[in-house]
Amino acid sequence: MTSQPIISQLIDCPITVEDDRTGTSVATLKRALADNLYYIQGKDENFATLYDYYMALAYTVRDRLVHRRIKTAQAYYEKDVKLVYYLSAEFLIGRLLLNNLINLGIYEPVKQVLKDAGLNLDDVIDREEEPGLGNGGLGRLAACFLDSMASLEIPAVGYGIRYEFGIFDQMISDGWQIEHPDNWLRFGNPWEIPRPDYMVEVKFSGHTETFVDSEGRPRTRWLPRITVYGTPYDTPVPGYGNNTVNTLRLWSARAGEDFDLQVFNAGDYTQAVAAKTFSENISKVLYPNDNTPQGKELRLQQQYFFVSCSLQDIIRLYLRKHDTFESFPDKVAIQLNDTHPAVGVAELMRLFIDEYHLEWHKAWDITHRTFAYTNHTLLSEALEKWPVSLFGRLLPRHLEIIYEINAQFLAEVQLRYPSDAGKLTRMSLIEEGEEKQVRMAHLASVGSHTVNGVAALHTELIKQELMRDFYELWPEKFQNKTNGITPRRWLLISNPELSGLITEKIGKAWITNLDELRKLEAFADDPEFRAQWRYIKRDRKAKLAEYLLRNNEIALDIDSIFDVQIKRIHEYKRQILNIMHVIALYNRIKANPNLDMTPRTVIFGGKAAPGYFMAKMAIKLINSVAEIVNNDPEVSRLLKVVFLANYSVSLGHFAYPAADLSEQISTAGKEASGTGNMKFALNGALTIGTLDGANVEIREEVGAENFFLFGLTAQEVMTLRAKGYKPLDYYNSNLELKQVIDQMASGFFSPKEPSLFMPIVSSLLNHDEYMLLADFQSYAECQERASQAFRDQDHWTRMSILNVARIGKFSSDRTIAQYCREIWNVEPVPIELEDYSQDSAGLKAKASPAEIV
């Protein structure tokens with residue numbers, strides 16, 4: 001009796017057929033997963049491991065990405081759009097499976113597919129190796145920018161290095177950092193697509209010679225001693241909720257000849273593979289230790305290798321549609337992410353002049369209108385300089401070009417400032433001295449049409465201090481672009497419980513427009529909403545506590561204030577100031593066991609560069625203090641100290657949502673921006689910090705009453721240093737501070753080696769470059785204010801809600817939109833996908849197929 005209406009409905013509704021490689025229904029995804037498990041992994045359900053299911057699922061997701069990627073490339077080619085090429089030595093992209101599922105909108109169907117198969121999606125996700133292709137904030141920012149460019153439908157390609165070994169795996173042994181290789185490729189990488197047909201040649205060393213070409217023009221020829229080949233590997237980068245899939249193209253180095261059979265047969269087995277060893281070392285490891293001449297040389301080789309590969313590739317892509325370079329700056333925007341790719345200015349000039357025979361002034365005009373440069377540091381040691389002797393030996397042609405750029409640039413400066421010889425010295429691309437150096441930040445600034453800082457304070461310090469001469473010469477060239485983070489990775493993925501609560505209250509528009517979070521202010525005084533907020537925070541603290549119980553064998557009080565400092569270990573980031581405060585708290589408890597103190601768990605995380613002695617010493621000090629504090633029953637009921645080893649993007653998903661208090665305590669004027677401050681605030685942590693980097697703007701946005709401020713300002717730091725900073729004055733006048741330093745000096749925290757921490761003590765008392773002693777009292781008083789505020793959980797929750805509600809400015813979507821309007825001059829290009837039909841499924845070869853970007 002009921003069958004007729006159902007049959008009528010089926011007749012009235014057309015049947016949709018999905019392709020197994022592009023469809024997104026549960027039934028289609030089931031078939032695709034089973035096929036990939038069987039035909040790619042070579043397993044069935046009787047033999048498949050959890051890793052096999054991960055690989056099969058990754059290939060299933062990749063199929064859907066590839067479909068969109070091809071459509072994206074076709075649209076860019078057919079419309080001849082202007083593309084952004086983002087050059088960065090680091091891309092800390094994190095695990096990709098969950099991110100891709102969410103951006104494609106297939107998280108729930110895939111979760112159901114695995115559930116039906118008796119599997120848990122989280123367990124499968126945990127089998128993914130994490131690519132450690134970055135050292136910290138620089139690489140993570142680049143990854144956020146790629147996500148935002150795709151989500152905003154901006155035509156873009158990221159270029160970098162496919163490091164065989166990423167940032168080292170960090171182990172803690174007897175309190176010391178021990179580095180182990182990060183062999184992230186040992187099981188393969190299902191996301192990347194090798195493109196050997198786009199291989200390019202990169203030259204090193206040798207010499208140059210001049211000659212006259214067939215038209216009677218003087219030319220220069222580079223005769224290299226070494227030739228290396230770069231092979232690109234493409235990783236798809238999907239936008240959220242759209243059809244755009246851009247590309248991250250990473251270069252792997254290999255030798256022209258892997259094996260010299262004649263040398264091998266002569267018995268010299270090592271020399272037979274010498275070329276292979278040299279070439280593959282270039283992309284072997286992220287940031288080799290540059291404390292040695294060999295390490296410095298390898299870093300310069302890495303930088304030039306990926307820059308040359310990328311620029312040759314960019315020119316290849318441009319020439320598909322153009323016969324001359326007249327339109328190059330109108331179709332190509334190249335962004336230099338810090339000074340690592342700055343040699344690109346000289347390399348693009350070399351390619352234009354030597355390979356494509358452009359005249360110098362034409363080549364320079366095009367080059368200058370193509371590049372833009374982002375400065376990421378105010379630290380002099382991080383502004384890269386290369387010895388002229390090394391540069392000339394490795395890149396002889398580029399040194400000649402840099403000298404010519406410098407000569408013409410200094411002529412311009414001389415004309416503008418005829419009586420200021422000091423300005424010529426300060427602005428020269430070559431630093432004079434006992435050993436001449438090539439100043440890469442100067443090269444990038446001269447060769448770019450725009451220079452930007454990454455926070456308002458940072459940009460002002462660039463203009464007034466770091467590059468004042470350049471700003472006075474070209475004020476129109478300098479801009480600010482405050483950094484941001486992607487809300488997809490750092491709230492939607494990392495904190496699904498809080499994301500769910502936010503979406504329930506204000507809808508999901510915030511995912512692509514973070515300013516929508518302002519609507520949460522209406523709920524800040526709602527008791528029920530506050531209770532839900534607190535419950536989620538406590539649950540996330542419990543999850544982190546479970547992880548630390550498993551991995552650090554330490555039990556934490558989840559009702560204590562979780563005081564978290566997670567970032568690269570560096571003296572200017574002042575992890576030592578934090579641990580000095582912990583020692584002061586320890587001493588207060590020991591002096592008064594009945595002290596009325598807010599229970600506190602202090603969590604550190606981050607890696608020290610392998611050759612950075614003081615940073616590694618800081619890790620040892622933190623762990624030595626933890627050993628004393630955590631094993632003293634009188635103290636540990638109120639205070640715990642934990643070091644979260646081997647910090648990564650994935651661990652950030654645990655740490656950021658669990659934090660109550662975010663430590664952003666760098667010396668004012670030293671941090672360019674910071675993005676950890678944004679991630680903590682987006683997840684509801686309150687900030688304790690100085691007026692440094694983006695802290696200034698975060699405080700302006702969230703309100704001074706919702707931010708714990710301490711310490712000297714950047715101007716006060718400069719004034720104090722100019723007057724003659726004397727750290728011993730602070731040591732002698734502050735009894736609590738004196739006790740802390742005396743304990744470090746006496747071996748209290750290192751009884752087996754009493755003088756162990758004397759390098760730290762000596763640095764603090766005799767120099768204190770980053771003014772820890774000057775800021776200690778202010779920091780301790782501010783920490784006490786935070787402790788007292790935490791006792792009123794209802795009010796603290798209100799402050800937490802307002803931090804999230806007012807953090808919308810710090811979306812990388814906003815940052816990228818500003819780059820697009822004000823630096824790159826690019827527009828969104830929406831991508832349309834046609835419905836699948838069997839008629840369009842066949843192979844239709846073209847006589848001249850368009851190459852895929």
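# Strands, helices and buried residues

Q: Where in the chain is the place of Asn683?
A: This is a predicted model. Two elements flank the residue, helix H28 (676-682) and strand E22 (686-689). The place of Asn683 is in the loop between H28 and E22.

Q: Is Asn683 buried or exposed?
A: Buried means under 20% relative accessible area. The relative accessible area of Asn683 is 2%. This value is under the cut-off, so Asn683 is buried.

Q: Which backbone oxygen does the side chain of Asn683 reach?
A: Asn683 touches several residues beyond four places away in sequence, among them Leu491, Lys537, Tyr656 and Val804. Trp490 is also one of the residues touched. The side chain of Asn683 goes to a backbone oxygen at 2.9 Å, that of Trp490.

Q: Which strands are the edge strands of the open sheet of six strands?
A: The order is E20-E19-E18-E21-E22-E23, with parallel pairing. An edge strand pairs on one side only. The edge strands are E20 (639-644) and E23 (708-709).

Q: What is the bridge partner of Ile566 in E19?
A: Strand E18 (residues 561-566) and strand E19 (residues 600-605) run parallel. Six bridges join them. For Ile566, the partner in E19 is Gly605.

Q: In which loop does Asn646 lie?
A: Asn646 is a residue other than glycine, yet its phi is positive, near 55°. Asn646 is partly exposed, with a relative accessible area of 25%. Its loop runs between E20 and helix H27 (649-658).

Q: What is the relative accessible area of Asp174?
A: Asp174 has a positive phi of about 55° although it is not a glycine. Its place is in the loop between strand E3 (169-173) and strand E4 (176-180). Asp174 is exposed, with a relative accessible area of 63%.

Q: Why is strand E6 (residues 200-204) largely enclosed by the rest of the structure?
A: Strand E6 has five residues. The strand is largely enclosed because the number of them that are buried is four.

Q: Which residue in E9 stands opposite Val202?
A: E6 and strand E9 (residues 226-238) run antiparallel. Five bridges join the two strands. Opposite Val202 in E9 stands Val228.

Q: Which strands stand at the edges of the open sheet of three strands?
A: The order is E13-E15-E14, with antiparallel pairing. An edge strand here has a single partner strand, so one side of it is left without a neighbour in the sheet. The strands at the edges are E13 (385-387) and E14 (430-431).

Q: Which residue in E15 stands opposite Ile430?
A: E14 pairs with strand E15 (residues 437-439) in the antiparallel sense. Two bridges make up this pairing. Opposite Ile430 stands Val438.

Q: Against which elements do the buried residues of H19 pack?
A: Helix H19 covers residues 456-466. His458, Thr459, Leu461, Ile462 and Lys463 are buried there. They pack against strand E16 (450-453), helix H20 (468-473), strand E17 (478-480) and helix H30 (714-723).

Q: With which residue does the side chain of Asn734 make a polar contact?
A: Asn734 has its place in the loop between helix H31 (727-733) and helix H32 (735-746). Asn734 is buried, with a relative accessible area of 14%. Leaving aside neighbours within four places in sequence, Asn734 is in contact with Phe776 and Gln777. The polar contact of 2.7 Å joins the side chain of Asn734 to that of Gln777.

Q: How many nonpolar residues are in the contact of H32 with H33?
A: The axes of H32 and helix H33 (residues 758-766) come within 8 Å and cross at roughly 140°. The crossing is left-handed. Ile741, Met744 and Ala745 in H32 meet Met758, Ile760, Val761, Leu764 and Leu765 in H33. None of the contact residues is polar or charged, and the nonpolar count is eight.

Q: How many Å apart in space are Leu29 and Ala774, C-alpha to C-alpha?
A: Leu29 is found in helix H2 (residues 26-39). It is buried, with a relative accessible area of 2%. Beyond its neighbours within four places in sequence, Leu29 is in contact with residues including Gly23, Thr60, Arg64 and Val113. Leu29 and Ala774 are 745 residues apart in sequence, and their C-alpha to C-alpha distance is 60 Å.

How values were computed
Residues numbered from 1 in each chain as written. Predicted model: local features only at pLDDT ≥ 70, side-chain atom pairs only at ≥ 80, totals over all residues. Heavy atoms only, no water. Pairing = 2+ DSSP bridges. Buried < 20%, exposed > 50% of the residue type's maximum accessible area, 1.4 Å probe, protein only. Contact = heavy atoms within 4.5 Å. Polar contact = N/O pair within 3.5 Å; in protein donor to acceptor, adjacent residues only side chain to side chain. Axes fitted to C-alpha atoms, helices over the stretch in contact; angles between N-to-C directions. Left-handed = near helix turned anticlockwise from the far one by under 90°. Nonpolar A, V, L, I, M, F, W, Y, C, P; charged D, E, K, R; others polar.
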